[in-house]
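Ready to practise reading a protein structure? Work through the exercises below with the sequence and model in view, and try each task before looking at its solution.

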Amino acid sequence: MLRSEIVKLPGGRQVKVHRSGNGPVLVWLHGPHGVRQHDPMIAKLAERYSVIAPLSPGFSDLAELDEIGSVHDLSLYHDDLFDAVGLESLALAGHSFGAMAAAEYAARSEEHTSELQSLAYLVCRLLLEKK
């Protein structure tokens, strides 16, 4: 079950952030379907990680996209978000558009990113490492 909170960002912006699990922090950047309350991928990740899954800009209000004109702008948005939730170093994982956003953030912020995973790699790893 996901716990949800509203996180306040600079400039009066807000973002809905979902959390689940315990363990090392893993930020999950979702694909085109957003963050679903009973997302099987988040549930599987939460067996090993403390998953933080923010709702991407534009998924709750299209006006959120007004300040984001490029993937680089989205990466700056993620800087604000990760600072607001107190993350100094993080592992990132993403699906589809979220994987692209994670890759851009990791390339731009190497000092803050400890690990980057794509969905395909994560699925294979989780399936092969069954308990």
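**Exercise 1: The pocket**

Find the residues that line the largest pocket, then sort them by class.

Solution. In this predicted model, the lining of the largest pocket consists of R13, Q14, P57, D61, A63, E64, D66, E67, I68, D73 and Y77. Next, sort these residues: 4 are nonpolar, 1 is polar and 6 are charged. The pocket has a volume of about 190 Å³.

**Exercise 2: One lining residue up close**

Locate I68 and list what I68 touches, leaving out residues up to four places away in sequence.

Solution. Start with the location: I68 sits in the loop between strand 4 (50–54) and helix 2. Now look for contacts: I68 touches P57, D73, L74 and Y77. Finally, take P57: 11 residues separate I68 and P57 along the chain, and their C-alpha atoms are 8.4 Å apart.

**Exercise 3: Two helices**

Describe how helix 2 and helix 3 are arranged, and name the residues in their contact.

Solution. Two packed helices are described by the angle between their axes and the distance between the axes. Here, the axes of helix 2 (residues 71–84) and helix 3 (residues 97–108) come within 9 Å and cross at roughly 75°. Angles of 65 to 115 degrees count as roughly perpendicular, so helix 2 is roughly perpendicular to helix 3. Helix 2 contributes V71, H72, L74, S75, L76, H78, D79 and F82 to the contact, while helix 3 contributes F97, M100, A101, E104, Y105 and R108. By class, the contact has 8 nonpolar, 3 polar and 3 charged residues.

**Exercise 4: A salt bridge**

Work out which parts of the chain the salt bridge between E5 and R19 ties together.

Solution. Side chains of opposite charge can pair when their charged atoms come close. The whole structure has 4 salt bridges. In the one between E5 and R19, the closest N and O atoms are 2.5 Å apart. E5 belongs to strand 1 (residues 3–8) and R19 to strand 2 (residues 14–20), so the pair ties together parts 14 residues apart in sequence.

Methods:
Residues numbered from 1 in each chain as written. Predicted model: local features only at pLDDT ≥ 70, side-chain atom pairs only at ≥ 80, totals over all residues. Heavy atoms only, no water. Axes fitted to C-alpha atoms, helices over the stretch in contact; angles between N-to-C directions. Parallel < 35°, antiparallel > 145°, perpendicular 65-115°, else oblique. Contact = heavy atoms within 4.5 Å. Nonpolar A, V, L, I, M, F, W, Y, C, P; charged D, E, K, R; others polar. 1 Å grid on protein atoms, 1.4 Å probe; cavity = no way out; pocket = protein on both sides within 12 Å on 5 of 7 lines; lining within 4 Å. Points joined across faces, edges and corners; volume = space filled by probe spheres on them. Salt bridge = Lys/Arg side-chain N within 4 Å of Asp/Glu carboxyl O.
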